[in-house]
Structure formats: structure tokens, C-alpha cells
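Trainee: May we go through this model together? I should like to begin with the charged pairs.

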Amino acid sequence: MGIHKIDVARGIQWVEIPDAGLRILCGCPADAVKHLIKRGLILPKQFKGVACETGPNALLLSDLSVQNGEFANLAEFPILQMLYKQGLILPGHPNNIGTKPLLMGSAEQVDSQLRYIYRGNYGLVSREEIMETGVSGEQADVMMRIKLKFAFGHIRPTRDFVDTRVVGDGPVMIAQGVTLSRIRPNVFEFAYQGETIQVDLNLNPGESYECPYPLGFRRFEPEYFAIIHTGEGDGWDVNRPCMSSIITYQGRIFLIDAGPNIANSMSALGIGIDQVDGIFHTHAHDDHFAGLTTLMRAGRRLRYFATPLVRSSVAKKLSALMGVEEEQFADFFDIHDLIAEEWNSVEGLEVMPVFSPHPVETNIYVFRALWGDSYRSYAHFADIVSMDVLRDMVTEDHNAPGIDQATFDRVRLTYLVPVDLKKVDGGGNMIHGSASDFRADASTRILLAHRAGELTLEEKEIGSSAAFGTVDVLVAGQFEQLRHHAFSYLATHLPGMPLHDLRLLANHPMTEINPGAIVLKEGETPHDVLLLVSGRIEKIRTRDNVFGSMSAGSLIGVGSILDNRPSHNTYRACSFLRVIRLPGNVYAEVIRRNGLLEHMRHTAKLRAFLDTTPLFSEGLPATALTRIVASMKEQRFKPGEAIGGDDLQTINIVRSGLIERRVGNKILDVLQERDFFGEEGAIFNVPYVSQLRVREETSVIQIPGEILHHVPLLRWKLFETYERRVARAVYSDDPAAVFIWRETFSSQVGELDAHHRQLIQIANAIMSQLQETANRDALAGHFDALADCARNHFVEEEKLMALHDYTSAKAHAQKHTLLLSQLSELQQRTHQGDIPDKASFQHFFESWLVRHVLKEDGKFGLFLHRRDLQLEI
């Protein structure tokens, strides 16, 4: 066979064509490199006497940036492995023969990855960007000199060391005699000498990308002030998570960094995402960044602690990766900016972030808590550089890349500050620390982390190591934090319940349940209501294809107890659990005597239904779910009825019945029980492109969009669903969709192309309404959306042109003014009740699309790339 394919892990495949010299990594979610190492597809070797590694030389991207809540395209580490571990970029290396890694995929994803890699390499790329975070001009100059030293004197666009191929509407040649085609979204075909092989990068519903290492299970014991060690490895360590920690303080849980597969680490500890209070972030490299999607899927916005310098670097990289505006970072996190080089109080826990020299903006942290007659302290130093590397950077030429002696002395003193516990980056090489620098450190205990493999004998003399889940208690707790949380959970579930009854329920015994144990089987009638105090439970009903999870604060068995019926689901422990067993008769009596029986029955039924839906399957905090249930209303539709207007400004979940989703005369799909629709208008403020017609008597649950705006988990799922629907629409060959996105339309500027695709969607919605029987209010709304989208697009584009001194900016802006004038006229006519001629609108939009997008925006994209500018909006 000329083409070989290996299934490496879920969502990751390997295609090799030896005769063409191609070794292709297909799919690159978090830790893809570790999976290749474990499968023997990356191996150490000697080549012409030089140590290096084997591995891929090409990478095929997913058409979707996110799948089932996780980043699908994280090319940073695979590209680094090719450039440095294989030696493709190293001076004098025998593998450095001018060949570049090959990045392949849709124009949008290729551009997104180029910009994301760029931000991963350099972070903020100019003095101006650094100063925008509040840093003085003098300090910005110091930071830029350091950055340029790490960058060998020049910030280079990603295209300097990566080749690309855009997979568009037909086969594309990727090597001599080898072509790559897209069969449908996320399904590709390689062809070579008459042989073909297909690669499917789609995850099935409910699937997730696999973790390359097992962790087992640990018991989580909250302490007054303690450090849980959740990662001591690096981005190449196949056996351990990347360097990270969890701080517990007065019952609160704070993460330090969010590396790949953080969800697995938290699950192994029995900590649910909704138990986390916030994250302290050090920097934007993937081994500290890739797990952000886990935190963005919480039931509330988690607090994000970093200096504005680090936050800006992280937000720009995330913006590039997801193809969203930088400001949307605040949609998913509650931002709390920290002041650098000062003690910041986070509800009594004091933290000092300190600038650390690194290729991207980085803070190391010192934490302290007052106890007794002094402070207990913890230092988390990821990432740092060795004193030898730092010393070699010293120069007294203030115009040259590097640092001055005063900066060197200040950094050295910071690294050696004495604390009770210090975890340090001992990874070595040019951008990581060295254990030997801490031989004389006066700290009580030193932990060496951020490295692959065992410590050397010399390193063992200097610092300790820590197994996953081990804990350093700095101040022991003296009261039951978990029972305090249990009381709060009950108060949320039972609003208005008298204090004495809440105390009655919370006083029942707390017990532990082992991982893997069945808590309650489908068909069994429980004797108790279980309050989940810590850990995570999975809920299963295979006959109806129901699978979900429940987090701390959930009640299990309420409906069964109140209605005296068997359980509809099986519940199984995913980790060590702490539960309070509330005797069913006691719980029911307390509910009855407070007049809550009918309310609780109604609420239990609604929650049970929501839990079976894909949107709510991962569980929500009791506070969020209570607010959502209180806002819901039921709406009924008759057969043949069209759904539109205000009904598409809410999130709709089908409770019973069938709804056809159409474009023109083609039925795209049929929505049935547990499916949802309406996210376009309720969340993303764009018109619904398809038409909805009720096939049989239908009942839907409606939830106002503003209620879900502040629930990141639901917002994230809605974003992912919307992205999938956009992908289906823009790659559609359906003749009913008048305007179709083609890769030839790409301006090679990801954010602008995202705007173009949105304009196409709205234009198709308008075309479907241009008839005498049209809903004039809906049509006017579509034209409003088209005008708003166009205006926003033009403003962003003109900002970019000014930023990069585009020579044709003035003429381009004049064309924008003309287009807006024409569009405003159409908009005004629809508001006056007139329906524009369908052929005239089609001609107008096609002229706009072809003449402006293909010609003018294409020129601008080419201008940027010719100037070797790597774009970040």
C-alpha cells in the first residue's frame, strides 16, 4: 500500500505516504504530541551523529475550532516538535535543509492557527501593545528588549517557518502526486497513485478527546490553606500533567494555570468545575493555557486573576484561536486584574504577581496567608529561565536585545525569595529554569517541576518531587468546610425554607462513596435523597440515549421520593464522593409542612427534563439552574404553524412534537424532543437563516437569552452548535441557499472572513423572505441585522487598514460608504412596508460579494501577507 493510516486516539489519526515523504498528523487537540509518543510515532534517534526525534512533517486541521467543548486545533506543540525536536529550524542541524512543517485545512482554520501560533511564540508584539496594558514606556522598552533576545533579534511571521495549503472546493496538491480533498465538513480524502483513504475528524455526541496518561483517584480534603499538586510535568511528559497547582483557602478553591486535560485532573480529585472559585494565570503557552475551555464551561463565570499584561496576551491568543473578538474573553470570565509587584488581597489570601523573563508575558506568583504571629507562604514559579541563560542576556547597550545588570540582579533576588513552599520550573534549555540555581535557596521546602522524566541525583539533593494529588498543608482547617457548603446548597434548592429546617436536613451524616460505585439504579425506588457535597456523578439511561453528569450541590432522587416512584436513571460515581443522605420521609415531611410540595414536584419534573437534553447534560450549579427554571415558560404550536418573530429571540427546547428546519424547499433536519433552537437571535444577535414549520402538535420550553448570557457552559455549547450550523451552511451545495461561501472568497484574514460568512448567512435569510407573503417585521429585522453586521465589519476593517498604513485605505473606505448608502436605502424601504425585488437584491449582494469581497478585501489580505504582517485583530 502507498498510503498507511493509523487510528492514534479519539479524534487523532496518522496518515503516512512513504514514497512522497509525508507523515501527517490528522487532528491536533491538546496533547496530540504525547499520543504520538505513546504510539511510537515519535521516537528518539541519532541522525548524522546528532540527537533528535522522528515525527510528523504535516498537520491536517479540523474544520471546527471546537468539538464537544474542547479545542480541536492546537498546533503549537506539534509545530514546535517539528521545528526543534526534529531540528527543522535549528542552525547546523542535519535535518535543517529548508523544509518547513506543512499546515493544512480550511482558509479560516489555517489563518486562525497561524495567528494563534504567532501569539504563542511572542505574546504581545510591540511596545504599543504592552503599553496598552498600563505598563510605562520605559518598562515596555525593557520587556521588548527581553522579548527580542528570546526571538533572536526579530519577531517573525509564522509563515517564515510554516508552509500552508488551503483545502478549498476541490482537490489540492500537498506533495508530488498527493492530493487532499474535503468530502464534507471534517471528513477528508487523501489520494496518491490511484489509491485513496478517508480521514474523519468528527467526534460523536458525548465523546471527548482522550487523556494520554491515567491518574487514578484521590480524596479531596479542603484545608484552611493548602497546596494540591496537580501537575509536575511539561508539554512533552507522557506520564504526568503539565505544571500546575490548586490552592485551597478558607474553603475556596483556586487553580494556578489551566493546562491540557485539566478536566481529567479535577475529576480524579473529585472536584467539580463549579466548585472552583477562580484561576491565577501565569502565561499563554499551551501547557498552561489549553485547559481554558474547561473553565469556560462552568455554570457561572469563574474569576480570572492576572495582571493586565498577562491577560491581554492570553485574550489575544484565545481570540485568534476561536475567531472571536478579544473583548469576548469577559463573556466567559469574571476579570480581576492584579497589580504587579504588589500584594493583592483576594478575600484574605494575599498574592503578589512578579514579571518573569520569558518569550511571552509571564508572571510568577507568591501567595501568603496570615496565621499565628507570621505568614504562611507558597511560591509558584512557572515559567522561569536559568541564571546562566539570563546572565548571557546581560548587555549595557540599551538599544540591543537583552537585559541590563540591574534587571538581572532584581530577577535573581525574586527567584530566591524565601517561602515555606516553593514550586519551581526546572525544565532547563533556553526558556526554562535550572534546579542548580536554587541550591542555596533558604525556602523551607522546594519542589522541582516542569520537566519530563525523573530527577537527576544532583537535582534530588536540591528539591523534592510530588506525586499527583499530594497535598502540602500550610494551615490546617479547624471546621467542616464541606458541611458549610452543604448548608448553602440546601438553602439554594429550598428558597424560603426556615433556618431550623435547613439545619435539620444539613445535620444528617456525611458519607463517602468510592469511584465507580452505582449510587442508584434505574428502576429502583430510593429510600433517601442524596445531596452531592463534593465529586461528580454520571447519569445514564441508555434506552433513551441519555448521558450526563451532576456536580456538587445536586440533589438525587427528589422526584422519586416525592412521587414514590422508581428512579428513571442510573447514577454512578465518577470520583470519590461526599454525600449527605437525607431520609426520604424526613425530606418529604419538611417539604410538605412548608407548603413546597407542588412547587418541588413541578421543579423536579422540569429539572429532570432539562437534564436529559444535550444543552443541560453536563449539570449546572443549583443557583444557576434555579434561576433558569424560574424563568422558563411553555409554548405550544399547532401542525403547519410557522415559528418566527419573538419565539426566535429565546432559547427553545422541544419538549414534545416535531419541527422541520428548512432552507427553501429543502428539509435540513427535523427537530424533536430534547433538541433546541433560537440561539442565533437569543445569544448571537443574528437572524435565523432557516425556516421552522411545525409537523405535529408541539410543546417547547422557552428560556430568555439574557438568563443564559451569564452561564458560560451554556453559552459555550450554544457557540459550538452555532459554529457547526455555520459550517454546514457555508460549505453547502444546496441550490436553495442562493449565496454559498467558497474558499476562493477568503481574504486570508480570519476575522474578516468570519464577518463575510455571517453576511452570507443573513443575505440567504433575506432571500428566503422576499415574497409577497413575507413577514414584514421579520424581513425588516433581517435588513437591520445585515446593516449592523456590515457597519461593524467596515469599522473593523478600516481600523486594520489604518493600523497597517494600507495605501488604498481611503478609496476602500469610500466604497464602504457607497455600499452602506445603498444598504440603508433598502433597509428604509423594508421599514416602510415595501418588499424589495428579489432579483434586484440578489444582483446587489452578488455584486457586493464578488466585486468588493473578492477584489477589494482580497487585495487588502494580500497586502498584509506581502508585508509579512501576521494579523491580530
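Mentor: We shall take salt bridges, then a helix, the cysteines and a surface patch.
Mentor: This is a predicted model, where local features need pLDDT of at least 70, side-chain atom pairs count only at pLDDT 80 or more, and totals for chains, interfaces and linings use all residues. Residues are numbered from 1 along each chain as its sequence is written, and side-chain values use heavy atoms, with hydrogens and water left out.

Trainee: How many salt bridges does a search of the whole structure find?
Mentor: The search finds 48 salt bridges, each defined as a side-chain nitrogen of Lys or Arg within 4 Å of a carboxyl oxygen of Asp or Glu. One of them joins Glu347 to Arg252, with 2.7 Å between the closest N and O atoms. That pair links distant parts of the chain, 95 residues apart: Glu347 is in the loop between strand 21 (344-346) and strand 22 (349-355), and Arg252 is in strand 17 (residues 252-256). Helices (H or I, at least four residues) and strands (E, at least two) are DSSP runs, numbered from the N terminus.

Trainee: And which residue forms a salt bridge with Asp611?
Mentor: Lys539 does, the closest N and O atoms being 3.2 Å apart. Asp611 lies in helix 18 and Lys539 in strand 31 (residues 537-541), so the pair ties together parts 72 residues apart in sequence.

Trainee: Are Asp611 and Lys539 buried or exposed?
Mentor: Both Asp611 and Lys539 are buried. Buried means under 20% relative accessible area, exposed over 50%, and partly exposed in between (1.4 Å probe, protein chains only).

Trainee: What about Glu598 and its partner in helix 18?
Mentor: Glu598 forms a salt bridge with Arg601, at 3.3 Å between the closest N and O atoms. The two lie three residues apart in helix 18, about one turn of the helix. Glu598 counts as exposed because its relative accessible area is 54%, whereas Arg601, at 25%, is partly exposed.

Trainee: Changing topic, how many disulfides are there?
Mentor: The count is zero, a disulfide being a pair of cysteine sulfur atoms within 2.5 Å. For Cys28, the nearest cysteine sulfur is that of Cys26, 10 Å away. Cys28 counts as buried because its relative accessibility is 0%.

Trainee: Lastly, where is Tyr84 placed?
Mentor: Tyr84 is in helix 2 (residues 76-85). Its relative accessibility is 39%, so Tyr84 counts as partly exposed.
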